[in-house]
Amino acid sequence: IINYYAKTLKQDKTAIAYLKERCIYSEEALDFFQMGFVDRSLGMHLPSRRTVDGRQLRDSLAEIGLYRSSGHEHFRASIVFPIAGDQGNIFEIYGRRITRNLAKDVPAHLYLPGPHIGIWNRQCFHNKTIILTESIIDALSFWVQGFRDVTASYGIGGFTRELHKAFIDNKIEQVFIAYDCDKAGLKAATTLAATLGA
């Protein structure tokens with residue numbers, strides 16, 4: 001599924017334009033992070049839901065969280081970023097909807113259901129200094145400009161135990177917390193700095 005979404009992104013002018021507008025477009029990043037786009041065409045490439053195989057496959061995708069009970073793809077109209085566990089298996093996906101003027105009840109940021117598992121850009125831990133951002137798109141802003149030792153929380157309240165343990169296990173010595181410069185971001189960064197300092 002991730003491979004399919006990756007191919008779709010490279011062929012979608014609207015998704016590419018969004019990445020360029022956000023200054024995070026990079027062919028290298030697309031491939032390195034297996035970024036994709038959900039254009040709602042996956043169903044046309046699956047066996048028909050009228051067949052046993054088609055129903056079983058869609059049920060499996062719904063169980064994972066990629067399909068909803070309505071039959072729609074969970075991440076439709078979103079650029080997606082797979083997030084891997086320590087063995088390279090994908091446990092989480094972050095999706096950012098790119099549709100303009102979303103209705104108030106439609107979230108712009110999506111994840112798979114369940115707890116957040118995995119760390120985006122695990123390769124950053126080869127250095128002892130890391131940049132930590134609030135979101136993957138923020139982290140990608142650094143990455144495409146050459147700051148490769150960067151990873152992201154799951155939002156301002158989403159610095160996970162797994163991420164904290166990775167900082168300790170990899171003996172990270174310095175962390176630049178680059179959360180949004182708003183009241184919530186500054187408060188979260190100050191609290192996190194105290195935690196990491198301890």
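# Pockets, cores and a few odd residues

The largest pocket here takes up about 210 Å³. Of the 13 residues lining this pocket, Phe32, Phe33, Pro82, Ala84 and Gln123 sit closest to its centre. Keep in mind that this is a predicted model, where local features need pLDDT of at least 70 and side-chain atom pairs count only at pLDDT 80 or more, while totals for chains, interfaces and linings use all residues. Numbering starts from 1 along each chain as its sequence is written, and side-chain values use heavy atoms, with hydrogens and water left out.

**Pockets**

- A pocket is an open set of points on a 1 Å grid over the protein atoms alone, with protein on both sides within 12 Å along at least five of seven lines; lining residues have an atom within 4 Å of a point. Volume is the space filled by probe spheres set on the points, which are joined across faces, edges and corners.
- Strand 2 (78–84) gives the largest pocket the largest share of its lining, three residues. Strands (E, at least two residues) and helices (H or I, at least four) are DSSP runs numbered from the N terminus.
- By class, that lining comes out as eight nonpolar, four polar and one charged residues. Ala, Val, Leu, Ile, Met, Phe, Trp, Tyr, Cys and Pro go down as nonpolar, Asp, Glu, Lys and Arg as charged, and the others, Gly among them, as polar.
- The second largest pocket has a volume of about 150 Å³. Its lining is made up of Ile1, Ile2, Ile64, Leu66, Ile90, Phe91, Glu92, Ile93 and Leu112.
- Strand 3 (90–97) supplies the largest share of that second lining, four residues. The class split is eight nonpolar, no polar and one charged.

**The cavity and Ser153**

- Searching the whole structure turns up one cavity of 30 Å³ or more. A cavity is a set of grid points where a 1.4 Å probe fits but cannot get out.
- The largest cavity holds about 60 Å³ of space, and its lining includes Ile83, Trp120, Ile136, Ser153 and Leu163. Eight of the lining residues are nonpolar, four are polar and no charged ones appear.
- Ser153 lies in the loop between strand 6 and helix 6 (161–169). Its relative accessibility is 3%, so Ser153 counts as buried (under 20% relative accessible area; over 50% is exposed and in between is partly exposed, using a 1.4 Å probe and protein chains only).
- Leaving out residues up to four places away in sequence, Ser153 touches Leu132, Thr133, Glu134, Ser135, Gly158, Phe159, Leu163 and Tyr179. Touching, or contact, means heavy atoms within 4.5 Å.

**Helix 5**

- In helix 5 (residues 136–143), the buried residues are Ile136, Ile137, Ala139, Leu140 and Trp143. Looking down the helix 5 axis, these buried residues fall within an arc of 155°, so they line one face of the helix; the arc is that of the directions from the helix axis to the C-beta atoms.
- That buried set packs against helix 2 (13–21), helix 3 (27–32), strand 2, strand 3, strand 5 (129–133) and strand 6 (150–152).

**Nonpolar cores and Leu19**

- The largest nonpolar core has 26 residues, and Leu9, Leu19, Met35, Ile79, Phe81, Trp120 and Leu140 have the most contacts inside it. A core here is a set of buried Ala, Val, Leu, Ile, Met, Phe, Trp, Tyr and Cys residues joined through side-chain atoms within 4.5 Å.
- Helix 2, helix 3, strand 2, helix 5 and strand 6 each put in at least two residues of this core, with helix 5 giving the largest share, five.
- There's also a second, separate core of 14 residues, with Phe125, Phe167, Ile172 and Ala189 among them.
- Leu19 is part of helix 2, and at 1% relative accessibility Leu19 counts as buried.
- Beyond residues up to four places away in sequence, Leu19 touches Leu9, Ile24, Tyr25, Leu30, Met35 and Ile79. Leu19 and Ile137 are 118 residues apart along the chain, with 9.4 Å between their C-alpha atoms.

**Positive phi**

- Most residues other than glycine have a negative phi.
- Arg40, not a glycine, has a positive phi of about 70°. Arg40 is in the loop between strand 1 (36–37) and helix 4 (52–64) and is exposed, with a relative accessible area of 58%.
- Asn121, also not a glycine, has a positive phi of about 60°. Asn121 is in the loop between strand 4 (109–111) and strand 5 and is buried, with a relative accessible area of 4%.
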